[in-house]
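Biologist: I am new to this protein and would like to go through it by question and answer. Please show it first.

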Amino acid sequence: MSQVEKKAGLLRRTSSSKKPLKEKVVLMYDEIFAKEDPAKNNPRFWDELFLMKVNLEYLESKLESVDGEEVQRIQDNINSLFHHCVQALGEEHQIKVVNALQTLCALFRGVHQKNKSASGFDIINMLMGFDKAEQRMKDLMERLDSLLCGDGSESLKSLCLKLLLCLVTVTDNISQNTILEYVMINSIFEAILQILSEVSSRGQHGYDAVVLLALLVNYRKYESVNPYIVKLSIVDDEPTLDGMGMVVHQALTEYNRQYKDKEEENQGGFFSTLTSMVGNMFIADADEKLSVQTNEAILLALYEAVHLNRNFITVLAQSHPEMDIAATPITPTPTTPTTPLGTTPPSLDMMNNPELPLDPNLQTSNLLITFLKYASIVMQDTKDEHRLNSARLCLIILTCIAEDQYADAFLHDDNMNFRVNLHKMPMRHRKKAADKNIPSRPLVCAVLDLMVEFIVTHMMKDFPMDLYLRCVQIIHKLLCYQKKCRIRLHYTWRELWSALINLLKFLLSNETTLLAKHNIFHLALLVVNLFNMFITYGDTFLPTSNSYDELYYEIVRMHQVFDNLYCMVLRVSTNTGQWKEAASKVTHALVNVRAIINHFNPKIESYAAVNHISQLSEEQVLEVVRSNYDTLTLKLQDGLDQFERYSEQPKEAAFFKELVRSISLNVRKNVSLNTLSQDVLLKEFSTIS
């Protein structure tokens, strides 16, 4: 049967000479698209319509095929259909409510699809009549709100959320969807919170509710007062915030689980043997196989919660048994037959997935650990646009966390230690660390590990400058907190220093290529100032005096990199050009690093000459360093422990606009109202007392 025939809702073809029979609902749609009022000859027309199984495809295609003049002719009937849909939502007959919800979705989608270039006001007029739009939308939102908050069918609640997701995503740019003004006025914020605060409803509808909230928060967020932003920023109800955190936690855990499953699939066997035989020739292919579709929608929800609501920070840190999803009644739910946004809904066997031990008898985790593991996966490969966006958003979230005093206190709490198994990019020159070798440490160590891992693994021609800047700034903010609170963190600082020096080395080696696209001097300045932070204040936050000695040892050992950097910035700053000022700042920032090199190098050479040693050991160099501190003169540099706080507007506005557009397209593609068959619904409704 051809696609056209399918759309017409055919029952059968009796013979080649006869016209195919149309199902009754299609005939009724045709009456709506005629000029006459369909209820004129049949007063029960609207009652009968909502008892018929909706043919979404036919109705949408019919709306899309209507041209300009026809629109004027049938507008009253379209308005009437919209009005009767809203009225049907108040019916006791559940099948009518379902059919009305599906019909409304077809109306929203069909009218927008046909009139992409039309103004929002024209679309409102075509759908419901501009003079009656306010009342119609008020009635619609009130009925959806009562369905979401009532004790009725879970299938209906699911359909209500899917209709709202459909409405929110009908335009590519959410802020151009004028109908959402009515969703701002007639808020369903409280209904969303109720879903998130109750364990059973959260298990079935939490994902859609969180994605819907994330999208609504982004409607004209820079142009006017968005009530969803205001309300989200002041939520302080613990069960609600915990519920939101749980939904995000489940979605990210599921992503991590899928990735781990794929990783295990690719280990061992012929592929693994071949890869080890020929080096890393196939590593790119392995990464490709391991890629699991990213979930920017759930990440956006996490960002909005962290960024807007300070109370949510406590949710990040809350330890709990592996997944609270087991508390959800295990009943078949026909409401989520499609996989949302490329990730499968969290599965109940997730409880069996061992996580990070806090108590040896109890497997525990928290949202922050799950997020760090997620970030370690998506930040591995940033060549794909979705993964690049995800990596950027992960770093923005970590920036907000690193600036928050409560989050910093938890990150650095010595009494709250975790083993965080971050995923690492396969590289030829290092072995995969065994999970059991990971020490139990404060969570800030995992954040620093993640930053170091990114710095080490992304020095490539297509240099992700923006991500590097964010990484270095996150490290700086954490150091500022350690300096302020005099926290002596037991961390392998040498790994960080080594990564930063290698980054400077990479910038020097690729100066010409990188300068064509980026201001490498800004990044170099941030890196040098991290060293200045350690030099100036390291005695207040490095764990031991030996750590401070090791810092000087690394600077002296790698002096050639700093010398080359100084020569390069001096050359650029003494010539006229666009980088003159930026290079000049690096020149000034290097003053103490150069003082250390120029002070200790002659002393080390003298020690070697006196003792007739051609090559000094590390311990001998450290001995020279320790015995010559008193004659070293350093300059006090201002502002090393100051930083610019994160602000979304105006710097990040363009990024979030494009991100929300991408999420909106993805939600529109995946949202499905057509999946509930009448049989399933009838069966469910027959069990409702």
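Modeller: Helices here are DSSP runs of H or I with at least four residues, numbered from the N terminus. By that count, A106 lies in helix α6, residues 94-114. Keep in mind that this is a predicted model.

Biologist: Is A106 buried or exposed?

Modeller: Buried means under 20% relative accessible area. A106 has a relative accessible area of 0%, so it is buried.

Biologist: Which residues does A106 touch, not counting residues up to four places away in sequence?

Modeller: One residue to start from is N55, 51 residues apart from A106 in sequence, with 9.2 Å between the two C-alpha atoms. The contacts of A106, not counting residues up to four places away in sequence, are L56, L59, E60, L63 and V111.

Biologist: How many helices and strands does the secondary structure of the protein chain come to?

Modeller: The protein chain has 689 residues, and buried residues make up 54% of them. Its accessible surface comes to about 31300 Å², with 51% belonging to carbon and sulfur atoms. The secondary structure comes to 33 helices and 5 strands.

Biologist: Among contacts with a separation of 6 or more, what percentage is accounted for by residues 24 or more positions apart?

Modeller: A contact means heavy atoms within 4.5 Å. Residues 24 or more positions apart account for this share of the contacts in the protein chain with a separation of 6 or more: 78%.

Biologist: Is K162 buried or exposed?

Modeller: K162 has its place in helix α9, residues 154-168. Its C-alpha is 9.2 Å from that of L101, although the two are 61 residues apart in sequence. At 6% relative accessibility, K162 counts as buried.

Biologist: Are α12 and α14 roughly parallel or roughly perpendicular to each other?

Modeller: The axes of helix α12 (residues 199-217) and helix α14 (residues 238-266) come within 9 Å and cross at roughly 95°. Angles of 65 to 115 degrees count as roughly perpendicular. The two helices are therefore roughly perpendicular.

Biologist: How do the residues of the contact of α12 with α14 divide into nonpolar, polar and charged?

Modeller: On the α12 side are R202, G206, Y207, V210 and L213, and they meet G243, M244, M246, V247, V248 and A251 in α14. These residues divide into 8 nonpolar, 2 polar and 1 charged.

Biologist: How many residues of α19 are buried?

Modeller: Helix α19, residues 367-378, has 12 residues and reaches 16 Å from its first C-alpha to its last, close to the 16 Å expected. Its buried residues include L367, F371, K373 and V378. The helix is mostly covered, and the buried count is 12 of its 12 residues.

Biologist: How many residues of α23 are buried?

Modeller: α23 reaches 31 Å from its first C-alpha to its last, close to the 30 Å expected at 1.5 Å a residue. R486, which follows α23, has a positive phi near 50°. The helix is largely enclosed by the rest of the structure, because its buried residues number 16 of the 21.

Biologist: Which elements do the buried residues of α24 pack against?

Modeller: The 17 residues of helix α24 (residues 493-509) should span 24 Å, and its end C-alpha atoms are 25 Å apart, which agrees. Its buried residues include W493, W497, F506 and L508. The buried residues of α24 pack against α22, α23, α25, α26, α27 and α28.

Biologist: Which residues does Y548 touch, not counting residues up to four places away in sequence?

Modeller: Y548 is in helix α27, residues 545-557. It is buried, with a relative accessible area of 16%. Its C-alpha is separated by 9.9 Å from that of Y537, 11 residues apart along the chain. With residues up to four places away in sequence not counted, Y548 touches F534, I535, G538, D539, L542 and Y629.

Biologist: Is H612 buried or exposed?

Modeller: H612 is found in the loop between α30 and α31. It is not a glycine, yet its phi is positive, about 55°. With 73% relative accessibility, H612 counts as exposed.

Biologist: Which residues does a cis peptide bond join?

Modeller: Most peptide bonds are trans. P650, in the loop between α31 and α32, is one of the two residues concerned. The cis bond has an omega of about 5° and joins Q649 and P650.

Conventions: Residues numbered from 1 in each chain as written. Predicted model: local features only at pLDDT ≥ 70, side-chain atom pairs only at ≥ 80, totals over all residues. Heavy atoms only, no water. Buried < 20%, exposed > 50% of the residue type's maximum accessible area, 1.4 Å probe, protein only. Axes fitted to C-alpha atoms, helices over the stretch in contact; angles between N-to-C directions. Parallel < 35°, antiparallel > 145°, perpendicular 65-115°, else oblique. Nonpolar A, V, L, I, M, F, W, Y, C, P; charged D, E, K, R; others polar. Areas by Shrake-Rupley, 256 points an atom, 1.4 Å probe, with all protein chains shown as cover. Expected span 1.5 Å × (residues − 1).
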